[in-house]
Structure formats: structure tokens, C-alpha cells
Amino acid sequence: MILDIINKKRLGKELTYQELDLFFNGYLKGEVADYQMSALLMAICINGMSDEETFALTKIFIDSGDVLDFSDLPGIKVDKHSTGGIGDKTTLVIVPIVAACGGTVVKMSGRGLGYTGGTIDKLESIPGYRIDLEEDEIKRQVYNIGLVVTGQTADLVPMDKVIYALRDVTSTVSSIPLIASSIMSKKIACGADKIIIDIKVGNGALIQTKEDAKKLSSLMIRIGEFYNREVRTIISDMNTPLGITIGNSLEVLEAIDVLRGKEKKNDFVNLCIELASNMVSMALRIPYAEAEMKVMESIKNKSAYKKFEEMVEAQGGKIDKIKVSNKVHFVKAPCSGEIKKINALEWGKISLHLGAGKENITDKIDYTVGIKLNKLLGDKVKKGDVLATVYYNKKLPEIKIDNIYKFE
Ligand code: URA
């Protein structure tokens, strides 16, 4: 039977719910071997999946673990997911904005494995911030202040953990139906009513082309329709780092500046406004333009920053204790000209070598290191101008400017 299922997919035929269930749950129980699951994943990667197969797989993923229920909390629960990228700290900005505008956000975030920390690692750079709230604490906090950003409580979608680990080592991560079912199952299991997905495209992202991003976008919207969840998507660039910082404490400080309206408009600020406006529009059932006005006002009148402070305080964090390393290295322009390229992936690798991210699950993150971009894409520079400031602790990694920047 197991071999028949692999063979059927190898021939490009459609699998039934029962066949997918037998295979995937068999794997979770240890009855299907790694090499058999790897063969099926590769066949899916090459031959794709129909919508019916993808909806079925999403259900099998959701049903593999706990499903949270926040229906007793007031308001429509809106959630956001990003397919990840270098310098992506949008959650830290948009969750307080949405709460300040009257939305309800229960956000369970993950740790990062890769170039920079995940949202939870970033928040842990605020000394004292608790990311291990229990379900009743989450509910109380959301009831009182409308927002929470914490780590996962329950055992959500255990199937995704084992399948993702195998995809990672069998070159089957890039399959669009596998990505869509992985992301959507987690969002649905987290109890979200409405969801915005930020699909990153570029060399620092999982998805490399706009065409694939559009396919992923429409598939996730269709999964949402099937499960009666409104899903909106944004496709955003990840060839260039997002915003002006990479690294945990630095990114929290940048998020704070954006919330305080101190950061002038750049790609990161614009993306935050777009994501938050979509979430407010969904949460309050109002048109996008009206939601955008509310979002802008929440930054201007500081209510969004106040929500951030309330959340950090409720979770035990001390904003004034955030630390950045005092060892700095300035990266200087080797020539004069306009910056035509800042390679996100290269800065990401340096950030990992600095200790801002984890190569292995057991690595320890150094919250105080990272990179600040003093000049951004399109800026004109003179030879010797500071392009970036590298905050390091132990050892400064080799920085090859030609690999990161292009000038004209
Ligand atoms: N992010 C996920 O959560 N799952 C994927 O498969 C890819 C990106």
C-alpha cells in the first residue's frame, strides 16, 4: 500500500484523503520510513498536488495536534504570518498598531533557525520578557489589553515539525502545496479568524520568483475559503534587507522607533502600514482606506507605542534594559556612486556568523550583535562614507563589500 501510494504520486495521479492520511499519519507513528516519506515528498515536489489534495493534507496537519479556541475572547482574532526574511521585525510593529486600532491579536510566534532570530528571539532580547505564557494567562492578557505575542503553548501541528525537518534535508522545501499546507495548518490551529500572509520574494527568501509567490498566494486564499477563514496576502521584496537593522536587540529598537513615529518612511515602515491596515480592515470590517487612516493616527498619537509598552510590561519585559554591543566596526564605501544593490542573503550570513541567528537548534543567540544599515538602496554615497555599522562581540566575521553592495 505504501509503495502503491508513492508510485501513484510518481505517475502524477491524485491521492485520496485516505491515502494521504495513511501515509502521513503512518510516518508520524513511525510506521512509514524516512526514505519512503522522502520519496513521496519528492514526487509531490515534482508533480504538485490538486487543490483537493492540498485541502486534505492541511486537515491531516491540523488534526495531528491541538487546536486552540479563542472564540470566548471578544472581537475577530486576526493573525499574520511572514514566510521570513532578513531584518523582518514587522510583527513587533503591527501587533501593537492593530490592538491600538481596536483589533484583537493573539500571536504565537516561533524561534528562528537561520540567519537571524525569529520574533520570539527578538522579544527575548528585552530582558525579562516572558514568552512562555499559559493559555489562561494569554486569555487574561488579551481580555485586558487586546494583544499578546508569545511562544506556542500547546502541541500545535506536530506533523509539520517532522515533515518540515525532513523537507529541509531532502530539498523539498520549495513545493508550493507543501508550503501552503504547512503555513495554513499552523494559522488555523492557532485559532485565527482572519489571516494576512506576507510572502517574501527574493534571494533572502524561500520563494525566489514573483510567479511562484502568486501561485502560493492564490493557493493559501483558496485554503482559507475552504476553511471559512478570510485570507489576504502581500507579496514583498526580500532581495534587500528589510528596514535598517538586522539582529535581535537592534531590530526591537528599530521597531520601537517606528512605533514612536521616529523612523522616516522606508520599505519597512511602508510594509508595516500595509500589513497593519489590512489586519485592521479585516478585524473591524472596514474599508482599507479607513483602516489605513486609523493606523497612521495610532502612530501619530502614540497609542500604538503605548500598546507595545503595555504588552512588554504585562509580559515582564524591561524596555530600558535592552542592550546592544559597544564593539562596532564601520563598513565604508569603497567608491562614490549610487547604491544599486544591498544583498540581503550576504548580510544574513554575516549576521549568523556574528551570533544573531542559530545554525543549530542548540546554538545560543547573542542578542546584542547585528548590523545597522547607515545607507539604503538608492542612496548616493561618497568614497569613505559609512555604509553600515556592525555590532560584534567575539569575532568580527570577514565582510566582502563587493559581495554585498553594487554601486553605479
Ligand atoms: N514557512 C512555513 O511555516 N512552512 C513552510 O513550509 C515554509 C515556510
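Tutor: Helix axes are lines fitted to C-alpha atoms over the stretch in contact, and angles between them run from 0 to 180 degrees. The model here is a predicted one.

Student: At what angle do helix α2 and helix α3 pack?

Tutor: Helix α2, residues 17–28, and helix α3, residues 34–47, pack at about 140°, and their axes are 10 Å apart.

Student: Why is α2 called oblique to α3?

Tutor: Angles over 145 degrees count as roughly antiparallel, and 65 to 115 as roughly perpendicular. The angle of about 140° fits neither range, so α2 is oblique to α3. The crossing of this pair, α2 and α3, is left-handed.

Student: What makes α1 and α2 oblique to each other?

Tutor: The axes of helix α1 (residues 2–10) and α2 cross at roughly 120° and come within 10 Å. Roughly perpendicular covers 65 to 115 degrees, and roughly antiparallel begins over 145. The pair α1 and α2 is therefore oblique. In passing α2, α1 makes a left-handed crossing.

Student: Which residues are around the ligand?

Tutor: They are Tyr164, Arg167, Ile179, Ser182, Ile183, Lys186 and Leu206. To be listed, a residue needs a heavy atom within 4 Å of the ligand.

Student: Which helices supply at least two residues of that shell?

Tutor: Helices α8 (158–169) and α9 (176–189) each do. The most comes from α9, with 4 residues.

Student: How do you know that Lys186 makes a polar contact with the ligand?

Tutor: A polar contact is a pair of N or O atoms within 3.5 Å. An N or O atom in the Lys186 side chain is 2.4 Å from an oxygen atom of the ligand, which meets that cut-off. For Arg167, a side-chain N or O atom is 2.9 Å from a ligand oxygen. For Ser182, a polar side-chain atom lies 2.6 Å from a ligand nitrogen. The ligand taken alone exposes 240 Å², and the protein buries 90% of that.

Student: How many residues of the shell around the ligand are nonpolar, polar and charged?

Tutor: The shell has 4 nonpolar, 1 polar and 2 charged residues. Tyr and Ile count as nonpolar, and Lys and Arg as charged.

Definitions and conventions. Residues are numbered from 1 along each chain as its sequence is written. This is a predicted model: local features need pLDDT of at least 70, side-chain atom pairs count only at pLDDT 80 or more; totals for chains, interfaces and linings use all residues. Side-chain values use heavy atoms; hydrogens and water are left out. A polar contact is a pair of N or O atoms within 3.5 Å; within protein, one must be able to donate a hydrogen and the other to accept it, and residues adjacent in sequence count only if both atoms are side-chain atoms. Accessible areas come from the Shrake-Rupley method with a 1.4 Å probe; for residues, only the protein chains shown count as cover. Angles under 35 degrees count as roughly parallel, over 145 as roughly antiparallel, 65 to 115 as roughly perpendicular and the rest as oblique. A crossing is left-handed if the near helix is turned anticlockwise from the far one by less than a right angle, and right-handed if clockwise.
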